[in-house]
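Please open the structure in your viewer and keep the sequence beside it. The tour below suggests what to select at each stop and says what is to be found there.

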Amino acid sequence: MPDSQWQSIPCRSLYVHVPFCARKCAYCAFYSEASSGELIDRYVSALIREMELVARDLRPDAVFFGGGTPSLLNLRQWELVLRAMERLNLLGASEWTVECNPATVSLDKARLLLDFGVNRISMGVQSFDEMLLDSLGRIHTRAMVFKSFDILRKAGFRNVNVDLMFAIPGQTLDVWRETLDQALGLGSEHLSCYEVIYEEDTPLFTRLRAGEAAQDEDLACAMYEELVERAEAAGFQQYEIANFARDTTPDSRGSAPGIPGRACRHNVNYWRGGPFYGLGPSATSYIQGVRTRNWPNTPLYCEHLEKGSRAIESREELPPLARAGETAAFGLRMVSGWQFEEFLSATGHDLRGEWFADMTQLANRGWGRIGPDRFQLTPQGLRFADAAAQLFLR
Ligand SMILES: C[S@@+](CC[C@H](N)C(=O)[O-])C[C@H]1O[C@@H](n2cnc3c(N)ncnc32)[C@H](O)[C@@H]1O
Ligand code: SF4
(Lines give C-alpha, C1' and ligand atoms only; values in the text may rest on other atoms or scores of the structure.)
(Ligands and ions follow the chains in the order given, each with its own letter.)
Protein backbone atom coordinates (compact mmCIF):
# COMPACT_ATOMS: atom_id res chain seq x y z
CA MET A 1 0.00 0.00 0.00
CA PRO A 2 0.97 3.61 -0.53
CA ASP A 3 3.33 5.24 1.90
CA SER A 4 0.63 7.66 3.03
CA GLN A 5 -1.56 4.74 4.15
CA TRP A 6 1.31 2.91 5.80
CA GLN A 7 1.48 5.74 8.25
CA SER A 8 -2.06 5.02 9.43
CA ILE A 9 -0.76 2.45 11.95
CA PRO A 10 -2.40 1.45 14.24
CA CYS A 11 -4.75 -0.07 11.71
CA ARG A 12 -8.33 1.31 11.79
CA SER A 13 -10.19 -1.53 10.05
CA LEU A 14 -10.87 -4.99 11.46
CA TYR A 15 -12.59 -7.94 9.81
CA VAL A 16 -13.42 -11.09 11.79
CA HIS A 17 -14.46 -14.25 9.97
CA VAL A 18 -16.88 -16.58 11.74
CA PRO A 19 -16.67 -19.87 9.79
CA PHE A 20 -19.92 -21.54 10.86
CA CYS A 21 -23.37 -21.87 9.33
CA ALA A 22 -26.41 -23.85 10.43
CA ARG A 23 -26.39 -25.38 6.94
CA LYS A 24 -24.43 -24.66 3.80
CA CYS A 25 -26.42 -22.76 1.11
CA ALA A 26 -26.44 -24.18 -2.41
CA TYR A 27 -24.54 -21.28 -3.99
CA CYS A 28 -22.03 -20.32 -1.32
CA ALA A 29 -18.26 -20.71 -1.59
CA PHE A 30 -17.31 -18.65 1.45
CA TYR A 31 -15.31 -20.68 3.93
CA SER A 32 -17.80 -22.00 6.47
CA GLU A 33 -19.17 -25.30 7.65
CA ALA A 34 -22.14 -26.68 9.53
CA SER A 35 -21.34 -26.11 13.17
CA SER A 36 -20.73 -28.24 16.22
CA GLY A 37 -20.81 -26.69 19.71
CA GLU A 38 -17.36 -27.93 20.64
CA LEU A 39 -15.58 -26.59 17.56
CA ILE A 40 -17.25 -23.20 17.99
CA ASP A 41 -15.96 -23.00 21.58
CA ARG A 42 -12.48 -23.90 20.38
CA TYR A 43 -12.70 -21.29 17.62
CA VAL A 44 -13.79 -18.60 20.10
CA SER A 45 -10.72 -19.26 22.29
CA ALA A 46 -8.42 -19.22 19.24
CA LEU A 47 -9.97 -16.01 17.94
CA ILE A 48 -9.44 -14.30 21.28
CA ARG A 49 -5.82 -15.47 21.20
CA GLU A 50 -5.43 -14.01 17.70
CA MET A 51 -6.95 -10.73 18.87
CA GLU A 52 -4.42 -10.64 21.70
CA LEU A 53 -1.59 -11.07 19.19
CA VAL A 54 -2.61 -8.12 17.01
CA ALA A 55 -4.43 -5.77 19.43
CA ARG A 56 -1.34 -3.61 19.89
CA ASP A 57 -1.44 -2.67 16.16
CA LEU A 58 -5.16 -2.00 16.10
CA ARG A 59 -7.42 0.91 16.98
CA PRO A 60 -10.47 -0.06 14.98
CA ASP A 61 -12.82 2.58 13.71
CA ALA A 62 -14.63 0.12 11.42
CA VAL A 63 -15.26 -3.47 12.48
CA PHE A 64 -17.01 -6.15 10.42
CA PHE A 65 -17.89 -9.61 11.70
CA GLY A 66 -18.73 -11.66 8.61
CA GLY A 67 -18.92 -15.25 7.66
CA GLY A 68 -20.26 -17.69 7.77
CA THR A 69 -22.95 -16.70 10.17
CA PRO A 70 -21.69 -14.67 13.13
CA SER A 71 -25.21 -14.63 14.63
CA LEU A 72 -24.86 -18.39 15.09
CA LEU A 73 -22.59 -17.86 18.11
CA ASN A 74 -24.67 -18.19 21.27
CA LEU A 75 -24.93 -15.53 23.98
CA ARG A 76 -22.14 -17.04 26.07
CA GLN A 77 -19.77 -17.27 23.11
CA TRP A 78 -20.54 -13.70 22.05
CA GLU A 79 -19.98 -12.48 25.57
CA LEU A 80 -16.53 -14.10 25.65
CA VAL A 81 -15.55 -12.38 22.39
CA LEU A 82 -16.97 -9.00 23.41
CA ARG A 83 -15.38 -9.03 26.88
CA ALA A 84 -12.01 -9.90 25.30
CA MET A 85 -12.39 -6.98 22.89
CA GLU A 86 -13.19 -4.72 25.84
CA ARG A 87 -10.07 -5.90 27.70
CA LEU A 88 -7.94 -5.38 24.57
CA ASN A 89 -9.26 -1.87 23.86
CA LEU A 90 -10.87 -2.91 20.61
CA LEU A 91 -14.30 -1.39 21.32
CA GLY A 92 -15.49 2.06 20.27
CA ALA A 93 -15.56 1.74 16.46
CA SER A 94 -17.78 4.32 14.78
CA GLU A 95 -19.15 1.54 12.57
CA TRP A 96 -19.37 -2.04 13.80
CA THR A 97 -21.25 -4.50 11.60
CA VAL A 98 -22.32 -8.05 12.40
CA GLU A 99 -23.76 -10.31 9.68
CA CYS A 100 -26.91 -12.14 10.72
CA ASN A 101 -29.05 -14.85 9.26
CA PRO A 102 -32.75 -14.10 9.85
CA ALA A 103 -33.16 -17.53 11.48
CA THR A 104 -30.61 -16.79 14.19
CA VAL A 105 -31.59 -13.33 15.46
CA SER A 106 -32.92 -12.99 19.02
CA LEU A 107 -33.71 -9.95 21.14
CA ASP A 108 -31.19 -10.98 23.84
CA LYS A 109 -28.40 -11.35 21.30
CA ALA A 110 -29.28 -8.09 19.57
CA ARG A 111 -29.24 -6.22 22.90
CA LEU A 112 -25.94 -7.76 23.96
CA LEU A 113 -24.30 -6.71 20.67
CA LEU A 114 -25.73 -3.22 20.94
CA ASP A 115 -24.51 -2.90 24.54
CA PHE A 116 -20.93 -3.48 23.44
CA GLY A 117 -21.09 -1.02 20.56
CA VAL A 118 -22.25 -3.02 17.53
CA ASN A 119 -24.30 -0.46 15.59
CA ARG A 120 -24.89 -2.04 12.18
CA ILE A 121 -26.48 -5.35 11.22
CA SER A 122 -26.22 -6.93 7.80
CA MET A 123 -28.99 -9.42 7.25
CA GLY A 124 -28.76 -12.14 4.59
CA VAL A 125 -32.29 -12.17 3.13
CA GLN A 126 -31.52 -13.19 -0.49
CA SER A 127 -35.18 -13.40 -1.56
CA PHE A 128 -38.75 -13.01 -0.30
CA ASP A 129 -39.95 -15.88 -2.46
CA GLU A 130 -40.42 -19.08 -0.42
CA MET A 131 -39.70 -21.36 -3.38
CA LEU A 132 -36.44 -19.61 -4.20
CA LEU A 133 -35.39 -19.53 -0.54
CA ASP A 134 -35.92 -23.25 -0.49
CA SER A 135 -34.03 -23.92 -3.72
CA LEU A 136 -31.10 -21.83 -2.44
CA GLY A 137 -30.98 -23.97 0.69
CA ARG A 138 -31.72 -21.06 3.03
CA ILE A 139 -32.78 -22.05 6.53
CA HIS A 140 -35.16 -19.12 7.01
CA THR A 141 -38.60 -18.25 5.72
CA ARG A 142 -39.97 -14.96 4.45
CA ALA A 143 -41.85 -14.46 7.73
CA MET A 144 -38.60 -14.77 9.70
CA VAL A 145 -37.14 -11.84 7.77
CA PHE A 146 -39.93 -9.52 8.93
CA LYS A 147 -39.73 -10.86 12.47
CA SER A 148 -35.95 -10.45 12.69
CA PHE A 149 -36.09 -6.97 11.23
CA ASP A 150 -38.63 -5.98 13.91
CA ILE A 151 -36.45 -7.50 16.63
CA LEU A 152 -33.44 -5.51 15.41
CA ARG A 153 -35.42 -2.27 15.37
CA LYS A 154 -36.92 -3.03 18.79
CA ALA A 155 -33.45 -3.66 20.20
CA GLY A 156 -32.42 -0.24 18.88
CA PHE A 157 -30.49 -0.84 15.65
CA ARG A 158 -30.78 2.19 13.39
CA ASN A 159 -28.42 1.01 10.67
CA VAL A 160 -29.45 -2.24 8.98
CA ASN A 161 -28.38 -3.70 5.65
CA VAL A 162 -30.36 -6.24 3.65
CA ASP A 163 -28.56 -8.63 1.25
CA LEU A 164 -30.49 -9.83 -1.81
CA MET A 165 -29.54 -11.98 -4.77
CA PHE A 166 -30.82 -11.77 -8.34
CA ALA A 167 -30.58 -13.86 -11.51
CA ILE A 168 -31.34 -16.88 -9.33
CA PRO A 169 -32.35 -19.90 -11.46
CA GLY A 170 -36.14 -19.91 -11.70
CA GLN A 171 -36.50 -16.24 -10.68
CA THR A 172 -38.65 -14.26 -13.10
CA LEU A 173 -38.52 -10.48 -13.51
CA ASP A 174 -41.87 -10.23 -11.72
CA VAL A 175 -40.65 -12.27 -8.75
CA TRP A 176 -37.56 -10.05 -8.54
CA ARG A 177 -39.76 -6.91 -8.64
CA GLU A 178 -41.84 -8.27 -5.76
CA THR A 179 -38.74 -9.09 -3.74
CA LEU A 180 -37.34 -5.64 -4.39
CA ASP A 181 -40.56 -3.94 -3.35
CA GLN A 182 -40.73 -5.92 -0.14
CA ALA A 183 -37.09 -5.28 0.68
CA LEU A 184 -37.46 -1.56 -0.01
CA GLY A 185 -40.64 -1.53 2.05
CA LEU A 186 -38.72 -2.70 5.12
CA GLY A 187 -37.11 0.72 5.38
CA SER A 188 -33.53 -0.45 5.89
CA GLU A 189 -30.73 2.09 5.63
CA HIS A 190 -28.66 -0.02 3.26
CA LEU A 191 -29.19 -2.56 0.49
CA SER A 192 -26.70 -4.97 -1.13
CA CYS A 193 -27.84 -6.86 -4.23
CA TYR A 194 -25.62 -9.50 -5.80
CA GLU A 195 -26.05 -11.22 -9.12
CA VAL A 196 -25.68 -14.97 -8.56
CA ILE A 197 -22.18 -16.25 -9.15
CA TYR A 198 -21.92 -19.93 -10.03
CA GLU A 199 -19.03 -20.88 -7.78
CA GLU A 200 -17.24 -24.11 -8.54
CA ASP A 201 -17.80 -26.94 -6.07
CA THR A 202 -21.23 -25.73 -5.07
CA PRO A 203 -24.51 -27.60 -5.64
CA LEU A 204 -25.72 -24.66 -7.76
CA PHE A 205 -22.73 -25.05 -10.07
CA THR A 206 -23.48 -28.77 -10.39
CA ARG A 207 -27.07 -27.90 -11.35
CA LEU A 208 -25.77 -25.53 -14.03
CA ARG A 209 -23.44 -28.19 -15.39
CA ALA A 210 -26.25 -30.75 -15.43
CA GLY A 211 -28.43 -28.37 -17.44
CA GLU A 212 -30.90 -27.97 -14.55
CA ALA A 213 -30.15 -24.24 -14.28
CA ALA A 214 -29.50 -21.76 -17.06
CA GLN A 215 -27.88 -18.33 -17.27
CA ASP A 216 -29.80 -15.58 -19.04
CA GLU A 217 -27.64 -12.48 -19.51
CA ASP A 218 -30.51 -10.34 -20.87
CA LEU A 219 -32.71 -11.17 -17.91
CA ALA A 220 -29.88 -10.45 -15.47
CA CYS A 221 -29.36 -7.03 -17.15
CA ALA A 222 -33.08 -6.26 -16.93
CA MET A 223 -33.05 -7.21 -13.22
CA TYR A 224 -30.06 -4.98 -12.57
CA GLU A 225 -31.75 -2.03 -14.32
CA GLU A 226 -34.90 -2.63 -12.31
CA LEU A 227 -32.83 -2.67 -9.13
CA VAL A 228 -31.09 0.63 -9.85
CA GLU A 229 -34.37 2.34 -10.81
CA ARG A 230 -36.44 1.10 -7.88
CA ALA A 231 -33.74 1.63 -5.28
CA GLU A 232 -33.21 5.21 -6.43
CA ALA A 233 -36.95 5.88 -6.49
CA ALA A 234 -37.06 4.64 -2.87
CA GLY A 235 -34.42 7.18 -1.79
CA PHE A 236 -31.31 5.01 -2.01
CA GLN A 237 -28.09 6.25 -3.55
CA GLN A 238 -26.04 3.69 -5.44
CA TYR A 239 -22.41 4.08 -4.41
CA GLU A 240 -20.97 0.77 -5.62
CA ILE A 241 -21.97 -1.82 -8.21
CA ALA A 242 -24.02 -3.82 -5.71
CA ASN A 243 -24.44 -1.36 -2.85
CA PHE A 244 -27.01 1.29 -2.08
CA ALA A 245 -27.43 3.49 0.97
CA ARG A 246 -30.00 6.00 2.06
CA ASP A 247 -28.55 9.45 2.30
CA THR A 248 -31.37 11.00 4.30
CA THR A 249 -29.40 10.74 7.53
CA PRO A 250 -25.89 11.85 6.65
CA ASP A 251 -23.89 11.25 9.80
CA SER A 252 -21.09 13.29 11.22
CA ARG A 253 -18.36 10.86 10.19
CA GLY A 254 -17.50 12.93 7.13
CA SER A 255 -17.85 10.47 4.26
CA ALA A 256 -15.97 11.25 1.08
CA PRO A 257 -17.83 13.19 -1.64
CA GLY A 258 -20.25 10.98 -3.58
CA ILE A 259 -20.43 8.44 -0.80
CA PRO A 260 -23.62 8.47 1.27
CA GLY A 261 -23.39 8.71 5.05
CA ARG A 262 -24.77 5.21 5.50
CA ALA A 263 -22.30 3.58 3.10
CA CYS A 264 -20.46 0.65 4.70
CA ARG A 265 -17.21 2.20 5.92
CA HIS A 266 -15.46 -1.11 6.21
CA ASN A 267 -16.17 -2.00 2.59
CA VAL A 268 -15.32 1.48 1.31
CA ASN A 269 -11.89 1.16 2.95
CA TYR A 270 -11.50 -2.22 1.26
CA TRP A 271 -12.45 -0.94 -2.20
CA ARG A 272 -10.12 2.03 -1.76
CA GLY A 273 -7.24 -0.36 -1.09
CA GLY A 274 -6.91 0.70 2.55
CA PRO A 275 -5.21 -1.45 5.20
CA PHE A 276 -7.20 -3.90 7.34
CA TYR A 277 -6.65 -6.78 9.71
CA GLY A 278 -8.58 -9.98 9.01
CA LEU A 279 -8.88 -12.51 11.83
CA GLY A 280 -10.35 -16.01 11.81
CA PRO A 281 -9.98 -18.96 9.42
CA SER A 282 -9.58 -17.94 5.74
CA ALA A 283 -9.52 -14.22 6.55
CA THR A 284 -7.13 -11.99 4.61
CA SER A 285 -5.24 -9.01 6.01
CA TYR A 286 -3.69 -6.15 4.09
CA ILE A 287 -1.09 -4.37 6.17
CA GLN A 288 1.74 -2.18 4.92
CA GLY A 289 1.28 -3.43 1.38
CA VAL A 290 1.47 -7.08 2.35
CA ARG A 291 -1.49 -9.39 1.89
CA THR A 292 -1.66 -12.45 4.14
CA ARG A 293 -4.27 -15.15 4.35
CA ASN A 294 -5.16 -17.34 7.32
CA TRP A 295 -5.61 -21.08 6.87
CA PRO A 296 -9.10 -21.86 5.56
CA ASN A 297 -9.39 -24.76 7.99
CA THR A 298 -10.87 -24.20 11.43
CA PRO A 299 -9.13 -27.03 13.38
CA LEU A 300 -5.78 -26.07 11.80
CA TYR A 301 -6.40 -22.40 12.56
CA CYS A 302 -7.10 -23.33 16.20
CA GLU A 303 -4.01 -25.53 16.41
CA HIS A 304 -1.74 -22.65 15.35
CA LEU A 305 -3.28 -20.22 17.81
CA GLU A 306 -3.17 -22.79 20.61
CA LYS A 307 0.59 -22.91 20.04
CA GLY A 308 0.70 -19.12 20.25
CA SER A 309 1.27 -18.16 16.61
CA ARG A 310 -0.99 -16.60 13.98
CA ALA A 311 -2.39 -19.11 11.50
CA ILE A 312 -1.01 -17.58 8.31
CA GLU A 313 -1.16 -19.79 5.22
CA SER A 314 0.24 -17.38 2.61
CA ARG A 315 1.88 -14.01 2.21
CA GLU A 316 2.03 -11.84 -0.90
CA GLU A 317 3.79 -8.54 -1.44
CA LEU A 318 3.08 -6.96 -4.81
CA PRO A 319 5.47 -4.51 -6.50
CA PRO A 320 4.23 -0.88 -6.15
CA LEU A 321 2.85 -0.55 -9.70
CA ALA A 322 0.92 -3.82 -9.45
CA ARG A 323 -0.44 -2.68 -6.11
CA ALA A 324 -1.54 0.64 -7.57
CA GLY A 325 -3.20 -1.19 -10.50
CA GLU A 326 -5.15 -3.33 -8.06
CA THR A 327 -6.15 -0.31 -6.05
CA ALA A 328 -7.38 1.38 -9.26
CA ALA A 329 -9.38 -1.69 -10.25
CA PHE A 330 -11.04 -2.10 -6.84
CA GLY A 331 -11.86 1.59 -6.50
CA LEU A 332 -13.60 1.69 -9.87
CA ARG A 333 -16.33 -0.51 -8.41
CA MET A 334 -17.46 2.66 -6.69
CA VAL A 335 -19.82 4.97 -8.56
CA SER A 336 -17.73 8.04 -7.68
CA GLY A 337 -14.69 6.38 -9.29
CA TRP A 338 -11.21 7.68 -8.50
CA GLN A 339 -10.35 11.33 -8.03
CA PHE A 340 -6.98 11.78 -9.72
CA GLU A 341 -5.44 13.61 -6.76
CA GLU A 342 -6.79 11.12 -4.24
CA PHE A 343 -5.42 8.19 -6.23
CA LEU A 344 -2.06 9.92 -6.54
CA SER A 345 -1.78 10.55 -2.82
CA ALA A 346 -3.00 7.03 -1.99
CA THR A 347 -0.69 5.14 -4.36
CA GLY A 348 2.06 7.51 -5.52
CA HIS A 349 0.96 6.83 -9.15
CA ASP A 350 -0.99 9.05 -11.52
CA LEU A 351 -3.98 7.47 -13.26
CA ARG A 352 -3.51 9.97 -16.12
CA GLY A 353 -0.01 8.61 -16.75
CA GLU A 354 0.23 4.83 -16.65
CA TRP A 355 -3.47 4.20 -17.35
CA PHE A 356 -4.33 7.02 -19.80
CA ALA A 357 -4.77 4.68 -22.79
CA ASP A 358 -6.96 2.32 -20.75
CA MET A 359 -9.21 5.12 -19.53
CA THR A 360 -9.50 6.46 -23.10
CA GLN A 361 -10.40 3.01 -24.40
CA LEU A 362 -13.17 2.68 -21.80
CA ALA A 363 -14.43 6.20 -22.50
CA ASN A 364 -14.59 5.44 -26.26
CA ARG A 365 -16.58 2.29 -25.54
CA GLY A 366 -19.05 4.26 -23.40
CA TRP A 367 -18.00 2.40 -20.25
CA GLY A 368 -15.97 5.19 -18.66
CA ARG A 369 -16.00 8.96 -18.22
CA ILE A 370 -12.84 11.06 -17.93
CA GLY A 371 -13.82 14.18 -15.98
CA PRO A 372 -11.75 17.22 -15.04
CA ASP A 373 -10.91 15.78 -11.61
CA ARG A 374 -11.68 12.06 -11.83
CA PHE A 375 -12.24 8.89 -13.81
CA GLN A 376 -15.39 6.89 -13.19
CA LEU A 377 -17.33 4.11 -14.84
CA THR A 378 -20.64 4.93 -16.52
CA PRO A 379 -23.76 2.96 -15.51
CA GLN A 380 -23.03 0.63 -18.44
CA GLY A 381 -19.40 0.29 -17.40
CA LEU A 382 -20.45 -0.53 -13.84
CA ARG A 383 -22.52 -3.43 -15.14
CA PHE A 384 -19.29 -4.86 -16.61
CA ALA A 385 -16.93 -3.52 -13.96
CA ASP A 386 -14.97 -6.74 -13.62
CA ALA A 387 -14.01 -6.66 -17.31
CA ALA A 388 -13.26 -2.90 -17.15
CA ALA A 389 -11.13 -3.34 -14.01
CA GLN A 390 -8.98 -5.98 -15.73
CA LEU A 391 -7.48 -3.25 -17.91
CA PHE A 392 -5.93 -1.55 -14.87
CA LEU A 393 -4.06 -4.58 -13.54
CA ARG A 394 -0.31 -4.58 -14.12
C1 LIG B 1 -20.67 -13.78 3.26
S2 LIG B 1 -22.32 -13.93 2.91
C3 LIG B 1 -22.85 -13.93 4.59
C4 LIG B 1 -24.28 -13.65 4.89
C5 LIG B 1 -24.93 -14.56 5.90
N6 LIG B 1 -24.14 -15.68 6.20
C7 LIG B 1 -26.23 -15.07 5.33
O8 LIG B 1 -26.13 -15.71 4.28
O9 LIG B 1 -27.28 -14.87 5.90
C10 LIG B 1 -22.71 -12.32 2.27
C11 LIG B 1 -23.62 -12.29 1.09
O12 LIG B 1 -22.95 -12.71 -0.09
C13 LIG B 1 -23.92 -13.06 -1.05
N14 LIG B 1 -23.45 -14.27 -1.74
C15 LIG B 1 -22.86 -15.34 -1.21
N16 LIG B 1 -22.55 -16.25 -2.18
C17 LIG B 1 -22.95 -15.70 -3.36
C18 LIG B 1 -22.93 -16.15 -4.72
N19 LIG B 1 -22.44 -17.33 -5.06
N20 LIG B 1 -23.42 -15.32 -5.67
C21 LIG B 1 -23.92 -14.11 -5.33
N22 LIG B 1 -23.98 -13.65 -4.07
C23 LIG B 1 -23.52 -14.44 -3.08
C24 LIG B 1 -25.22 -13.29 -0.29
O25 LIG B 1 -26.14 -12.27 -0.61
C26 LIG B 1 -24.80 -13.18 1.15
O27 LIG B 1 -25.81 -12.65 1.97
S1 SF4 C 1 -24.66 -17.59 2.28
FE2 SF4 C 1 -24.31 -17.18 4.43
S3 SF4 C 1 -25.56 -18.73 5.53
FE4 SF4 C 1 -25.34 -19.44 3.44
S5 SF4 C 1 -23.59 -20.82 3.51
FE6 SF4 C 1 -22.83 -18.80 2.84
S7 SF4 C 1 -22.17 -17.81 4.66
FE8 SF4 C 1 -23.47 -19.54 5.31
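## A first stop: Arg-352 and its partner

Select Arg-352, which counts as partly exposed at 35% relative accessibility (buried means under 20% relative accessible area, exposed over 50% and partly exposed in between, with a 1.4 Å probe and protein chains only). Add Asp-350, which is also partly exposed, at 27% relative accessibility, and which forms a salt bridge with Arg-352, the closest N and O atoms being 3.1 Å apart. A salt bridge here is a side-chain nitrogen of Lys or Arg within 4 Å of a carboxyl oxygen of Asp or Glu. Next, select Asp-174, Arg-177, Asp-181, Glu-226 and Arg-230 together, since salt bridges that share partners join these residues into one network.

Before going further, note that this is a predicted model, in which local features need pLDDT of at least 70 and side-chain atom pairs count only at pLDDT 80 or more, while totals for chains, interfaces and linings use all residues. Residues are numbered from 1 along each chain as its sequence is written, chains are lettered from A and ligands numbered from 1 in the order in which they are written, and side-chain values use heavy atoms, with hydrogens and water left out.

## The whole chain

Now zoom out and colour by secondary structure: the chain has 17 helices and 17 strands, where helices (H or I, at least four residues) and strands (E, at least two) are DSSP runs numbered from the N terminus. The radius of gyration is 21 Å, close to the 21 Å that the globule rule gives for 394 residues, so the chain is as compact as a globular protein of that length; the radius is taken over C-alpha atoms, and the rule is 2.2 Å times the number of residues to the power 0.38. Along its principal axes, the C-alpha trace spans about 55 × 50 × 45 Å. Of the 394 residues, 53% count as buried.

## Two more charged pairs

The count of salt bridges in this model comes to 27, and two further examples are worth selecting. Show helix 3 (residues 75–87), where Arg-83 and Glu-86 lie three residues apart and are therefore separated by about one helical turn. Their side chains meet in a salt bridge of 3.3 Å, N to O. Arg-83 is partly exposed at 42% relative accessibility, and Glu-86 is partly exposed with a relative accessible area of 41%.

Then select Arg-333 and Glu-240, whose side chains meet in a salt bridge of 2.6 Å, N to O. This pair links distant parts of the chain, for Arg-333 sits in the loop between helix 12 (320–331) and strand 15 (338–339), Glu-240 sits in strand 9 (residues 236–240), and the two are 93 residues apart. Is Glu-240 buried or exposed? Glu-240 counts as buried, at 0% relative accessibility, whereas Arg-333 is partly exposed, with a relative accessible area of 24%.

## A loop and a helix

Move to Asn-101, in the loop between strand 5 (95–100) and helix 4 (107–116). Asn-101 is buried, with a relative accessible area of 9%. Leaving aside neighbours within four places in sequence, Asn-101 is in contact (heavy atoms within 4.5 Å) with Thr-69, Ser-71, Arg-138, Ile-139 and His-140.

Finish at Thr-360, found in helix 15 (residues 356–364) and partly exposed, with a relative accessible area of 25%. Add Phe-375, 15 residues from Thr-360 along the chain, and the C-alpha atoms of the two are separated by 10.0 Å.
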